[in-house]
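Reader: I have a chain open on my screen and would like to talk through its sheet with you. Could you put it up here so that we are looking at the same thing?

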Amino acid sequence: MEQGDITIIILIATLTIVLLIVIIIIIFSIFQNRKVKFLFDKEVAKQRFDEEIIKSKLETQEQTLQNISWELHDNVGQLLSVARMQLNMVQPSLTEEQKTLVQDTGDIISKSLQEIRSLSKLLNPEVVKNIGLHEAIQLEIDRFNRLNYINATFDVKGNITPINQKDEIILFRIVQEFLSNSIKHSKSKKIEITANCTHEFLKIKIQDYGVGFDENIVKKGSGLLNMKSRAKLINAEFDLKSEKDKGVSLTLTYPKQKKDV
């Protein structure tokens with residue numbers, strides 16, 4: 001076999017090996033790309049599934065709250081109204097001392113009726129939709145202040161512009177959850193809420209001045225996880241900070257212009 005033929009054979013063999021290597025690389029690259037795309041699609045599907053679970057859970061909770069709202073307003077409220085009427089009917093036949101006692105009892109019933117009606121409004125998602133987020137927060141603040149247990153303030157900065165009503169309800173439920181936890185656990189006598197409205201964001205900050213907590217201990221608590229899940233569902237940044245004996249602060253940053261996933 002001549003030297004030229006050997007050279008051609010070696011060249012052909014080299015080209016064949018190179019071609020095989022290129023083909024293997026291309027096939028491997030395609031496989032890797034498909035694997036990455038599969039894993040990405042799987043993660044997106046999981047996120048969407050988790051979001052649907054959370055949405056379904058929140059819808060169930062809102063329906064439950066609406067039912068409780070109706071029950072409070074229609075049944076409990078009606079019973080208190082009847083009790084107040086009956087006290088008014090028997091009052092003329094009582095002694096002055098008894099009248100004073102009945103009057104005091106009637107005042108307590110009237111205040112209870114007012115609080116139940118106020119609470120029933122804020123439990124009803126349809127009412128929150130109608131009055132809007134800021135008025136709902138103000139009503140909640142007024143309700144707490146009437147209890148004479150805590151001094152709560154609400155300050156709005158910037159121009160109030162409407163946002164998605166379902167998102168408003170979720171933001172309001174987070175605020176409610178924080179206030180409820182603060183009343184139960186913080187021993188704070190003061191709560192401050194500020195809402196800063198800009199063209200891009202709605203930033204809500206809540207601060208109490210109570211005993212605080214160790215974040216590592218309560219970070220897996222159901223209340224905290226519930227608030228975080230709600231915030232994540234509407235793409236709101238959730239920043240909770242606390243130190244023992246230094247109170248708790250929560251900052252919610254809600255983007256008015258949502259990014260496509």
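Author: What follows is a conversation about the sheet and one serine in this structure, which is a predicted model.

Reader: Let's begin with the sheet, then: how many strands does it have, and in which order?

Author: The sheet is open and has five strands, in the order β1-β2-β3-β5-β4, and the pairing is mixed. β1 and β4 (237–242) stand at the edges with a single partner strand each, so one side of each is left without a neighbour in the sheet. From one strand to the next, the twist averages 10°.

Reader: And what packs on the sheet?

Author: Helix α4 (residues 133–146) packs on it, touching β1, β2 and β3, and the direction of α4 makes about 160° with that of β1. Helix α5 also packs on the sheet, where α5 touches β2, β3, β4 and β5 (248–255), and its direction makes about 10° with that of β3.

Reader: Could we look at β2 next; in which sense does β2 pair with β1, and how does β2 run relative to β3?

Author: Strand β1 (residues 151–157) pairs with β2 in the parallel sense over seven bridges, with Asp155 standing opposite Thr194 in β2. β2 and strand β3 (residues 201–208) run antiparallel and are joined by seven bridges; the bridge partners in β3 include Ile206 for Ile193 and Gln207 for Glu192.

Reader: What connects those strands along the chain?

Author: A hairpin takes β2 to β3 through three residues, whereas β1, helix α5 (residues 165–186) and β2 make up a β-α-β unit that is left-handed.

Reader: Which side chains of β2 are buried?

Author: Ile191, Ile193, Ala195 and Cys197 point to one face of β2 and are buried, while Lys190, Glu192, Thr194 and Asn196 point to the other face and are not. In a regular strand the side chains alternate between the two faces of the sheet.

Reader: Changing topic, I had my eye on Ser186; where is it, and is it buried or exposed?

Author: Ser186 is found in helix α5, and its relative accessible area is 6%, which is under the 20% cut-off, so Ser186 counts as buried.

Reader: What does its side chain reach?

Author: The side chain of Ser186 reaches the backbone oxygen of Ser182 at 2.6 Å and the backbone nitrogen of Ser188 at 3.0 Å.

Reader: And beyond the residues up to four places away in sequence, what does Ser186 touch?

Author: Leaving those residues aside, Ser186 touches Asn181, Asp208, Gly210 and Val211. The C-alpha atoms of Ser186 and Gly212 are separated by 6.2 Å, although these residues are 26 apart along the chain.

Key. Residues are numbered from 1 along each chain as its sequence is written. This is a predicted model: local features need pLDDT of at least 70, side-chain atom pairs count only at pLDDT 80 or more; totals for chains, interfaces and linings use all residues. Side-chain values use heavy atoms; hydrogens and water are left out. Buried means under 20% relative accessible area, exposed over 50%, partly exposed in between (1.4 Å probe, protein chains only). Helices (H or I, at least four residues) and strands (E, at least two) are DSSP runs, numbered from the N terminus. Two strands pair if DSSP finds at least two bridges between them. A crossover is right-handed if, with the strands pointing away from the viewer, the path from the first strand over the helix to the second runs clockwise. Axes are lines fitted to C-alpha atoms, for helices over the stretch in contact, and angles run from 0 to 180 degrees between N-to-C directions. Contact means heavy atoms within 4.5 Å. A polar contact is a pair of N or O atoms within 3.5 Å; within protein, one must be able to donate a hydrogen and the other to accept it, and residues adjacent in sequence count only if both atoms are side-chain atoms.
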